[in-house]
Amino acid sequence: MPVNMKNIIADAFAKMAKKKGIDKITVKALIDECNISRQTFYYHFRDIMEVIEWSIEESVKRMLARSLEIESPEDAVELLIVSTLEQRTLICRLMDSQKRGQIEKLFVQATRMYLQELIRNRGGEVALNYSDMETVLDFWSFGLCGMLFKCCEAGEVDAKSVAAQICRLLPEKRGGEIKRSAAL
C-alpha cells in the first residue's frame, strides 16, 4: 500500500500544533519531524497554511461521510459537535495563532461546504432560489462555526443538548417545502 505523504505531513503538523501552537511551526521543523526532504514537502504543499487548509477539507469529507450515514439531523449535529470537541486542543491552538483571521475563514468555508453537500445529498427539493440559498448557507456557516468555537472554549459541553438547541432552529421540511421550525 503506497504511503500517503499528505496524511503523514498533516498528522505531524497536528501533533506539533497541539504541543506548541502553529506560530512556532516552520517548514524546517515539520520536515524534520516527518523525516522528509524539503523537496518532498513542497511537492505536496506550498506552505504551512496549505497543510491546515488540506487538513480541514479532509476532516470535512470524513465528517460528511459519517453524517450521511446518520438518520436524524440532531444526531448528525451532535456528531459534528463531538468530533469538534475531540479536536478542541488543536482548534484552540489554531485560533490562538497570528493567522486566526485566515483560519476562521477556512473553517467557515469548510462548514459551508459541509452544509451544502449535506443539503445536496439529503435535502431533496429545497424551495429556495439561488440567492436565498447562498444567504442561508452563509448564515448557517458563520453561526455553526461560532457555536463550535464556543464549544471548544467552554469547559464541559453537553453535545446532545447543544445539538437539540441548534436543531430547533433548523427549518423543517413539510410537504416538499421548507417551513420555519415550530420553535421559532
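Is C167 buried or exposed? In this predicted model, C167 counts as buried because its relative accessibility is 16%, which falls under the 20% cut-off for that class. C145 is likewise counted as buried, since its relative accessibility is 3%. A disulfide is a covalent bond between the sulfur atoms of two cysteines, and the structure holds zero of these bonds.

With that residue as a starting point, the overall plan can be set out. The protein chain has nine helices and two strands, and, read from the N terminus, its elements run α-α-α-α-α-α-α-α-α-β-β, so that the helices come before the strands along the chain. Of the 184 residues in the protein chain, 40% are buried. Among the contacts that join residues at least 6 apart in sequence, 63% link residues that are at least 24 apart.

The interior can be approached through the largest nonpolar core, which has 57 residues. The residues with the most contacts inside this core are I9, F13, L30, F41, I52, I81 and F107. At least two residues of the core come from each of α1 (5–20), α2 (27–34), α4 (48–68), α5 (73–86), α6 (88–95), α7 (100–122), α8 (130–153) and α9 (159–169). F107 gives a view of how such a residue is surrounded: setting aside residues up to four places away in sequence, F107 touches I56, I91, L94, M95, C145 and F149. The buried C145 mentioned at the outset is therefore one of the residues that F107 touches.

Helix α4 offers two further positions that can be read together. L64 lies in this helix and counts as buried because its relative accessibility is 13%. Leaving aside neighbours within four places in sequence, L64 is in contact with Y114, E117 and L118; L64 and L118 are 54 residues apart in sequence, yet their C-alpha atoms are 6.9 Å apart in space. S67 is also found in helix α4, and this serine counts as buried because its relative accessibility is 0%. Not counting residues up to four places away in sequence, S67 touches A76, L79, Y114, L118 and R122, so that Y114 and L118 appear in the contact lists of both L64 and S67.

A second buried serine, S83, has its place in helix α5. The relative accessible area of S83 is 13%, which means that S83 is buried, and, beyond residues up to four places away in sequence, S83 touches M63 and R66. Towards the other end of the chain, A164 is found in helix α9 and counts as buried because its relative accessibility is 15%. A164 and V77 are 87 residues apart along the chain, while their C-alpha atoms are separated by 8.3 Å.

Empty space in the model deserves the same attention as packed side chains. Rolling a probe the size of a water molecule over the atoms shows where empty space is left. The second largest pocket has a volume of about 840 Å³ and is lined by 32 residues, of which S55, I56, S59, R62 and Q87 lie nearest its centre. Two or more lining residues are given by each of α1, α4, α5, α6, α7 and α8, and α4 gives the most, with 10 residues. Sorted by class, the lining of this pocket has 19 nonpolar, seven polar and six charged residues. I56, which lies among the residues nearest the centre of the pocket, is also one of the residues that F107 touches.

Two loop positions complete the picture. N35 is found in the loop between α2 and α3 (38–44), and its relative accessible area of 70% is why N35 is classed as exposed, the cut-off for that class being over 50%. The phi angle of N35 is near 60°, a positive value in a residue other than glycine. L128, by contrast, is found in the loop between α7 and α8 and counts as partly exposed because its relative accessibility is 32%. Not counting residues up to four places away in sequence, L128 touches M133 and V136.

Methods. Residues numbered from 1 in each chain as written. Predicted model: local features only at pLDDT ≥ 70, side-chain atom pairs only at ≥ 80, totals over all residues. Heavy atoms only, no water. Core = buried A, V, L, I, M, F, W, Y, C linked by side-chain atoms within 4.5 Å. Buried < 20%, exposed > 50% of the residue type's maximum accessible area, 1.4 Å probe, protein only. Helix = DSSP H or I, 4+ residues; strand = E, 2+ residues; numbered from the N terminus. Contact = heavy atoms within 4.5 Å. 1 Å grid on protein atoms, 1.4 Å probe; cavity = no way out; pocket = protein on both sides within 12 Å on 5 of 7 lines; lining within 4 Å. Points joined across faces, edges and corners; volume = space filled by probe spheres on them. Nonpolar A, V, L, I, M, F, W, Y, C, P; charged D, E, K, R; others polar. Disulfide = S-S within 2.5 Å.
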